[in-house]
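This report describes the fold, the interior and selected local features of a single protein chain. The sequence and the structure are shown first.

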Amino acid sequence: MVASAFTSSAVTGVARVASGCAVVLPLVVAVKAVPMVLGVMGFTATGITSSSIAAKMMSAAAIANGGGVAPGSLVATLQSLGATGLSGLTRFILGSTGSAIAAGIARFY
């Protein structure tokens, strides 16, 4: 009886850790994939790549804004991230927030 209770509790603990990892892993991959995804979209360190999604977004933003891209707009922010990547503070904040969310979700399983 004691061994059965111990095994059941161990299995439950392993299941909680596994469910927490299942939530945390995609968040880690998402944070790490941001520079790659931005590069594929056309937001690169050397500028916006011609004939890319980024170029189309920039064109639409410029037309809507009377000929220029407004500072702080989505296109400007994505280009800044594409050129410099995520700062250490940003990665820390995203990782901490993601971990807190994952821990909250894992508590229900």
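## Gln79 and its surroundings

Gln79 is placed in helix 3, which covers residues 74-84. The model discussed here is a predicted one. With a relative accessible area of 17%, Gln79 is buried, because the limit for that class is under 20%.

Leaving aside residues up to four places away in sequence, Gln79 is in contact with Phe43, Thr44, Gly47 and Ile48. Two of these partners, Gly47 and Ile48, are named again as the range of strand 2 (47-48).

## Overall architecture

The chain contains four helices and two strands. In sequence order these elements give the pattern α-β-β-α-α-α. Among contacts between residues at least 6 apart in sequence, 50% join residues at least 24 apart.

Of the 109 residues in the chain, 19% are buried. The chain exposes about 7400 Å², and carbon and sulfur atoms supply 74% of that area.

## The nonpolar core

Which residues make up the largest nonpolar core? This core has five residues in all: Leu38, Phe43, Ala54, Val75 and Leu78.

Phe43 has contacts with each of the other core members, namely Leu38, Ala54, Val75 and Leu78. Phe43 also touches Ile48, Met57, Gln79 and Gly82, again not counting residues up to four places away in sequence. The contact between Phe43 and Gln79 thus links the core to the buried glutamine of helix 3.

## Helix 2 and the loop before it

The loop between strand 2 (47-48) and helix 2 (53-64) holds Ser51, and Ser52 is found in that loop as well. Are these two serines buried or exposed? Ser51 counts as exposed, at 70% relative accessibility, whereas Ser52 counts as buried, at 9%. The assignments differ because exposed means over 50% relative accessible area and buried means under 20%.

The contacts of Ser52 are with Met41 and Gly42, residues up to four places away in sequence not being counted. Ser51 has a positive phi of about 60°, although Ser51 is not a glycine. Most residues other than glycine have a negative phi.

Helix 2 has twelve residues, and at 1.5 Å a residue these should span 16 Å; the end C-alpha atoms are 17 Å apart, which agrees. The expected span is obtained from one less than the number of residues. Just after helix 2, Gly66 adopts a positive phi of about 80°.

Ala60 is located in helix 2 and counts as partly exposed, at 46% relative accessibility. This value lies between the limits of under 20% for buried and over 50% for exposed. Ala60 and Val75 are separated by 15 residues in sequence, and their C-alpha atoms are 9.7 Å apart in space. Val75 is one of the core residues listed above.

## A nonpolar surface patch

Met36, Val37 and Val40 form a nonpolar patch on the surface, and together they have about 320 Å² of accessible area. Val40 belongs to helix 1, which runs over residues 2-41.

With a relative accessible area of 69%, Val40 is exposed. Leu38, by contrast, is a member of the largest nonpolar core.

Definitions and conventions. Residues numbered from 1 in each chain as written. Predicted model: local features only at pLDDT ≥ 70, side-chain atom pairs only at ≥ 80, totals over all residues. Heavy atoms only, no water. Patch = residues over 30% accessible without salt bridge, like charges linked within 9 Å, V, L, I, M, F, W, Y side chains within 5 Å. Areas by Shrake-Rupley, 256 points an atom, 1.4 Å probe, with all protein chains shown as cover. Salt bridge = Lys/Arg side-chain N within 4 Å of Asp/Glu carboxyl O. Buried < 20%, exposed > 50% of the residue type's maximum accessible area, 1.4 Å probe, protein only. Contact = heavy atoms within 4.5 Å. Core = buried A, V, L, I, M, F, W, Y, C linked by side-chain atoms within 4.5 Å.
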